[in-house]
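This report walks through selected local features of one protein model, with attention to burial, packing and backbone geometry. Please keep the sequence and the structure in view while reading.

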Amino acid sequence: MGDYVERVVDLEVTQEEAAEAAARVIDWLVAEGVVIRETDATGVYGLHADEGHLPGPQWTRAVVHDGWGPGRLAVVTGRHHHVGGQGEDDAEYAVCPHCATRTTFIDHPASFEPDEAVWAPFRAAVEAWEATGGGEATRATCAACGVATPVTDWQWPDEYALGALSFDFWGFPPLADAFVAGLTRRLGHRTARHLGKF
Ligand SMILES: [Zn+2]
């Protein structure tokens with residue numbers, strides 16, 4: 001099951017705060033026995049992390065069932081767009097925070113490819129955010145209301161999460177809702193959660 005990753009992404013932490021927030025959560029997870037401090041590269045296929053924490057003696061506290069052995073918990077810091085599913089790299093839609101209109105990039109199920117004319121400016125703004133973290137270039141303009149808003153303020157599907165801190169549970173059985181809620185509480189921010197396959 002090492003090809004599966006369940007990911008919890010902090011949607012609000014800044015890159016500057018991410019390392020401290022990550023350390024705080026790892027302290028908690030070590031105290032709970034979910035992971036240990038030791039890391040290695042076994043079963044970690046992340047684009048942005050090479051190693052993950054080994055499971056701790058109480059790792060089953062984090063999951064719904066212990067049907068199979070867990071892999072590693074990789075902690076990813078730095079501004080990235082995190083995608084669920086099987087490596088798709090485009091968002092399906094985003095919702096304008098100003099007028100709540102949904103802009104659709106991929107017209108499922110009619111199409112599996114984004115409408116480039118609509119998606120390209122959003123993708124460019126995401127790339128600008130990843131590179132710089134702020135500024136005019138990170139804004140995307142809503143076709144409905146004409147307001148340009150930073151991409152981090154747009155509402156994205158959970159499968160396309162913009163964040164500077166991610167917890168990637170490689171090969172773990174499904175995480176328990178209460179565990180994810182506890183992790184989210186410790187971060188003190190909104191989070192997105194999705195499943196990826198690599
Ligand atoms: Zn709008």
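In this predicted model, Gly171 sits in the loop that runs between β9 (160-170) and α3 (177-187). With a relative accessible area of 5%, Gly171 falls under the 20% limit and is therefore buried. Although Gly171 and Val44 are 127 residues apart along the chain, their C-alpha atoms are separated by 8.8 Å.

The helix that follows this loop, α3, has a set of buried residues made up of Phe179, Val180, Gly182, Leu183, Thr184 and Leu187. These buried residues of α3 pack against β1 (4-10), α1, β9 and β10 (191-197). Just after α3, the backbone at Gly188 takes a positive phi of about 75 degrees.

The pairing of α3 with α1 can be described in further detail. The axes of α1 (residues 15-32) and α3 come within 10 Å and cross at roughly 135 degrees. Because this angle lies neither over 145 degrees, as a roughly antiparallel pair would require, nor in the range of 65 to 115 that counts as roughly perpendicular, α1 is oblique to α3. The crossing of the two helices, α1 and α3, is right-handed. On the α1 side, the residues that meet α3 are Ala21, Arg24, Val25, Trp28 and Leu29, and their counterparts in α3 are Phe179, Gly182, Leu183, Arg186 and Leu187. Sorted by class, the contact of α1 with α3 has 7 nonpolar, 1 polar and 2 charged residues.

A further buried position is Thr103, which is placed in strand β6 (residues 102-104). Thr103 has a relative accessible area of 12%, which is under 20%, so Thr103 counts as buried. Leaving aside residues up to four places away in sequence, Thr103 touches Glu92, Tyr93, Ala94, Val118, Phe122 and Trp154.

On either side of β6 in sequence, the backbone has further features to check. Ala100 lies in the loop between β5 (93-95) and β6, and Ala100 has a positive phi of about 70 degrees although it is not a glycine. In the loop between β6 and α2 (116-132) lies Pro109, and a cis peptide bond, with omega of about -5 degrees, joins His108 and Pro109.

Val147 belongs to the loop between β7 (139-141) and β8 (148-150). Not counting residues up to four places away in sequence, Val147 touches His98, Ala140, Thr141 and Cys142. The C-alpha atoms of Val147 and Pro157, which are 10 residues apart along the chain, are separated by 20 Å.

The table sets out the accessibility of four residues, including two cysteines.

| Residue | Relative accessible area | Class |
|---|---|---|
| Cys99 | 29% | partly exposed |
| Ala100 | 57% | exposed |
| Cys142 | 1% | buried |
| Val147 | 26% | partly exposed |

How many disulfides does a search of the whole structure find? A disulfide is a covalent bond between the sulfur atoms of two cysteines. The search of the whole structure finds 0 disulfides, which means that no pair of cysteine sulfur atoms lies within 2.5 Å. As for the two cysteines in the table, Cys142 is buried at 1% relative accessibility, whereas Cys99 is partly exposed at 29%.

Note on methods. Residues numbered from 1 in each chain as written. Predicted model: local features only at pLDDT ≥ 70, side-chain atom pairs only at ≥ 80, totals over all residues. Heavy atoms only, no water. Helix = DSSP H or I, 4+ residues; strand = E, 2+ residues; numbered from the N terminus. Buried < 20%, exposed > 50% of the residue type's maximum accessible area, 1.4 Å probe, protein only. Axes fitted to C-alpha atoms, helices over the stretch in contact; angles between N-to-C directions. Parallel < 35°, antiparallel > 145°, perpendicular 65-115°, else oblique. Left-handed = near helix turned anticlockwise from the far one by under 90°. Contact = heavy atoms within 4.5 Å. Nonpolar A, V, L, I, M, F, W, Y, C, P; charged D, E, K, R; others polar.
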